[in-house]
Amino acid sequence: MSLIKSKKRVADHGEVFTPDWMVEKMLDLVKGEAERIDSRFLEPACGSGNFLVPILQRKLAAVELKFSKSDFEKRHYALLALMCCYGIELLDDNIAECRANMLEVFAEYLNLEESDELYRAASFVLSLNLVHGDAMT
């Protein structure tokens, strides 16, 4: 992934994305929390999900370790993990991309189709937890 979408966006909004390797190193600093299913994370400038997607992936790995034997518990705790991720983003296209990226990771983990009730529930959660706005105001 490129660290910038355009020079204009950098100039107008200061938009620069954190490289994946740095995200992973930073999340390793809070490894215990990033891997705890019910820990809450707020990303005040979430972009397209550079931090939130790997956080969700770490949480879902914890779900897999603890609850993979029970489909009900796996689905329940996967949704809980998703519900504990929050983001605010100034640019409308970024928040839409973040929601789509998070939903894709969640749906892929549980092998969900768009028609699945849990898919729709996750989409609704993301519409509330990932919001378009200015975290500074």
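Mentor: Let's begin with the second largest pocket of this predicted model, which has a volume of about 210 Å³.

Trainee: Which residues sit closest to its centre?

Mentor: Of the 13 residues lining the second largest pocket, D20, G49, N50, V53 and P54 are the closest to the centre. The elements giving two or more residues to this lining are α2 (20-29), α4 and α6 (92-110).

Trainee: How do the lining residues of the second largest pocket divide by character?

Mentor: They divide into 5 nonpolar, 5 polar and 3 charged.

Trainee: Now to helix α4. What span is expected for α4, and what does it reach?

Mentor: Helix α4, residues 52-67, has 16 residues; at 1.5 Å a residue, 22 Å is expected, and α4 reaches 22 Å from its first C-alpha to its last, close to that value.

Trainee: Which residues of α4 are called buried?

Mentor: Buried means under 20% relative accessible area, and the α4 residues that meet this are L52, V53, P54, I55, L56, R58, K59, L60, A62, V63 and F67.

Trainee: Good. Why is H132 called partly exposed?

Mentor: The relative accessibility of H132 is 45%. Partly exposed lies between the 20% limit for buried and the 50% limit for exposed, so H132 counts as partly exposed.

Trainee: What does H132 touch, leaving out residues up to four places away in sequence?

Mentor: H132, which lies in strand β3 (residues 130-132), touches E89, L90, L91, D92, I95 and R99.

Trainee: How do you know that a polar contact links H132 and L90?

Mentor: The cut-off is 3.5 Å between N or O atoms. The backbone oxygen of L90 lies 2.9 Å from a polar atom of the H132 side chain.

Terms used. Residues are numbered from 1 along each chain as its sequence is written. This is a predicted model: local features need pLDDT of at least 70, side-chain atom pairs count only at pLDDT 80 or more; totals for chains, interfaces and linings use all residues. Side-chain values use heavy atoms; hydrogens and water are left out. Helices (H or I, at least four residues) and strands (E, at least two) are DSSP runs, numbered from the N terminus. The expected span of a helix is 1.5 Å times one less than its number of residues. Buried means under 20% relative accessible area, exposed over 50%, partly exposed in between (1.4 Å probe, protein chains only). Contact means heavy atoms within 4.5 Å. A polar contact is a pair of N or O atoms within 3.5 Å; within protein, one must be able to donate a hydrogen and the other to accept it, and residues adjacent in sequence count only if both atoms are side-chain atoms. On a 1 Å grid over the protein atoms alone, a cavity is a set of points where a 1.4 Å probe fits but cannot get out, and a pocket is an open set with protein on both sides within 12 Å along at least five of seven lines; lining residues have an atom within 4 Å of a point. Grid points are joined across faces, edges and corners, and a volume is the space filled by probe spheres set on the points. Ala, Val, Leu, Ile, Met, Phe, Trp, Tyr, Cys and Pro count as nonpolar, Asp, Glu, Lys and Arg as charged, and the others, Gly among them, as polar.
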